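Me: I would like a close look at a single part of this model, the metal site, with each term explained where it comes up. Please answer in one connected account.

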Amino acid sequence: MTRQMSGAKMVVQALRDQGVDTVFGYPGGAVLPIYDEIFLQNDIRHILVRHEQGAVHAAEGYARSTGKVGVVLVTSGPGATNAVTGLTDALMDSIPIVVLTGQVPTFMIGNDAFQEADTVGITRPCTKHNWLVKDTAKLSDTIHQAFHVARSGRPGPVLVDIPKDVQFASADYVGPKQARTSHYQPQVKGDPQEIKRLVEMIESAERPIFYTGGGVINSGPAASQLLRELVDATGFPITSTLMGLGAYPASGKNWLGMLGMHGLYEANLAMHGCDLMINIGARFDDRITGRVQDFSPGSKRAHIDIDPSSINKVIRTDVPIIGDVAHVLEDLLRLWKAGGRKTNRQAVAKWWEKIESWRAIDCLAFKPSEATIKPQYALTRLEALTRDRDRYICTEVGQHQMWAAQYLGFEDPNRWMTSGGLGTMGYGTPASIGVQVAHPDALVINVAGEASWLMNMQEMGTAVQYRLPVKQFILNNERLGMVRQWQELLHGERYSQSWSEALPDFVKLAEAFGCKGILCKDPADLDDAIMEMLDYDGPVIFDCLVEKHENCFPMIPSGEPHNKMLLGENASTKDAIGTSGAVLV
Amino acid sequence: MSALKIKKGTSKHSAYDLRDPHAAPEETHTLAVLVDNEAGVLARVIGLFSGRGYNIESLTVAEVDHTGHRSRITVVTTGTPGVIDQIKAQLGRMVPVHEVHDLTSEGPAVERELSLFKVAGTGEKRIEALRLAEIFRANVVDSTLDSFVFEITGTPQKIDAFAELMRPLGLVEMARTGVAALSRGAA
Ligand SMILES: Cc1ncc(C[n+]2csc(CCOP(=O)(O)OP(=O)(O)O)c2C)c(N)n1
Ligand SMILES: [Mg+2]
């Protein structure tokens, strides 16, 4: 059955047929026909953001917290260019989103028309794929393909640019089932031969470690479930990248904590000293590897990844397995169980002893203060007071982000939204809005730095308009803290432009937006203040004045290998040198 | 900061160093990439090379299947074996890309390039240019009393050699198509 309809109507119909319930967007001349169709229906909810960058981050938050594709609708020219940061962010973190942009009419393209920009040209390097649709007859088919590409294989952002005349013209609508099946079908099953080799390595490894990443989360809940089963059954230690937190529960007995530049001491030293590294859905990012030639010198590496270009890109792999994490783990578990569930128990027990000695250093120890709130203390309290709730955490970018990763515990996947690959300040506020839209009754907290938070604070208007009770927990050190830390350590304490001056009064700002503001500066008041935030039924801006010059440790300085970490003043470093033999710089 | 045993401000590293000090020497490879002939596909492929810092020595493209709208892009590139593998993997995951073949490593291949040379001159030089063109099996596709346009097909090396010889004989300009290549044998 074919149905004639306008291109604008097709857009809405295609979204409906793709199961979309929410669109984040901002109108303008080149998308007015589509907005007209949105006005005329009730199936799809449109969330009006305050800036197109916010729309894309909100869609990312929606996608990451649900596993579904996030959808954005913006106008041509400035609408499209404002979406570029969000697209790049989603590309780096493999987040599935579909961005629909309006474009000037086809007969005006190339004329420097009002609000014309070469949107597909500008976004080609920051999308997984993009399309300019010049013919209404191809529009519905293209939108269905866009969803297919966004969610298949390694997920990512796609963009469909729709000229205004294409929105007005009519053609036959094609449903998702009739749509041209794309040849784009990434391999999901891993090579059985390679999986068998990995099973053999698991059976004999003396110092194994699972190193997991965002790929586990992107693969879906089954992947996290299988990972938990595998880790618990083998008894091997597990660490994760920033992107993968929650795939294995923080309370799990094999959990070492996050690894990398600000990762835990035990996680990084275990990576350095292992003899079998099983990388599941991570990509050997430079924040993880440190200096590559010194990276985990004595290990064999297996790498499970759905993207063939991730394999051997940075680190040579001994056992490459191209496939979807859930599919590969299922086969791996089956084979390993069939082989009698063998591991080298004795050696692994000794390996755990070593790890425990590293853990004893307590690298996250910090000295609480009675006078000022230490940011670590604030997060420890936030964790204690929210742990048992249905909780989602977003962050901005900076020290607070790393502290949140270190001090908050994630028990489930899809509960941690942070900008990893691109490190986009301004991500957290709109992301928290997207998460709250998807989970109206959950507790959604954005752990923010004051500088990052100012970058997309206009989205508080969105939160208030849609009654989204997002909690903005700002660790306000009046500094671009992470920049200040690098300047202290690497640039001779020359603090060039790294302080936040002329900050707004956040409580008054909250009132101006029509939400609640809370100021807290005394550690003694902190618990009550956090409870006040949690109990308030509406959006809150929490200005938590923290120690201004706290540094984030552990830290692997630039260009150093994993075993050369800097520890904070409260970790027992003397023991570290004694027990590990590692040279601490 | 008692346990902080780094001398403040001493590190010269501004970011993690990913360079491999034992990098293998560079190789030249010819890749054949079969793509959907859709708008922007060439820009996508070229953008991949420039965006990730890969080299393009030569590049040719034309639709080879008019009903299926498939184009063949032949690209000659240089890089360490690791980089060449990355280029192939990066090309392979692009949505409009159907196949990527490394003609240099997949077995013997033939490579040809077509070019046009304009050579101007009179007297001895003109006769010498024509004589050399015959030796190189170049065709005269245009002639005036004081110029020729030669058409020559061959490997890039042969065309380079011809260009060297024509230079002192009045080479005015040349146009080269870049390499087209196919694997040898039936498959
Ligand atoms: C859009 C953007 N601009 C610049 C940076 C560089 N940068 C990284 S962290 C940081 C400071 C962040 O300050 P704040 O949000 O207050 O967090 P803090 O480190 O103080 O916790 C800056 C400027 C960035 N990551 N993103
Ligand atoms: Mg700050």
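Which residues coordinate the magnesium ion (ligand 2), through which atoms and at what distances?

Reply: This is a predicted model, in which local features need pLDDT of at least 70 and side-chain atom pairs count only at pLDDT 80 or more, while totals for chains, interfaces and linings use all residues. Residues are numbered from 1 along each chain as its sequence is written, chains are lettered from A and ligands numbered from 1 in the order in which they are written, and side-chain values use heavy atoms, leaving out hydrogens and water.

The magnesium ion (ligand 2) is held by A:Glu450, listed twice through OE, by A:Asn477 through OD1 and by A:Arg479 through O, at 2.1 to 2.8 Å; donors here are N, O and S atoms within 2.8 Å of the metal (3.2 Å for Na, K and Ca), and sites may look incomplete because water is not among the atoms. The arrangement is irregular because the angles subtended by the 6 donor atoms run from 49 to 172°, whereas six donors count as octahedral if opposite donors are over 155 degrees apart and all others between 65 and 115.

Along the sequence, the donor residues follow the spacing E-x26-N-x1-R. A:Glu450 belongs to helix H19 (residues 450-455) of chain A, while A:Arg479, 29 residues apart from A:Glu450, sits in the loop between strand E18 (471-476) and helix H21 (481-490), and the pair links distant parts of the chain; helices (H or I, at least four residues) and strands (E, at least two) are DSSP runs numbered from the N terminus. Both A:Glu450 and A:Arg479 are buried, that is, under 20% relative accessible area with a 1.4 Å probe and protein chains only.

Elsewhere in chain A, A:Thr241 lies in the loop between strand E10 (238-240) and strand E11 (255-258), and A:Thr241 counts as buried because its relative accessibility is 9%. Beyond its neighbours within four places in sequence, A:Thr241 is in contact (heavy atoms within 4.5 Å) with residues including A:Tyr211, A:Gly213, A:Met258 and A:Ile288.

As for the other chain, chain B has 4 helices and 8 strands, which follow one another from the N terminus as β-α-β-β-α-β-β-α-β-β-α-β. Of its 187 residues, 36% count as buried, and among contacts in chain B with a separation of 6 or more, 71% come from residues 24 or more positions apart.

Notes. Tetrahedral: all angles 85-135°; square planar, octahedral: opposite > 155°, others 65-115°. Buried < 20%, exposed > 50% of the residue type's maximum accessible area, 1.4 Å probe, protein only.
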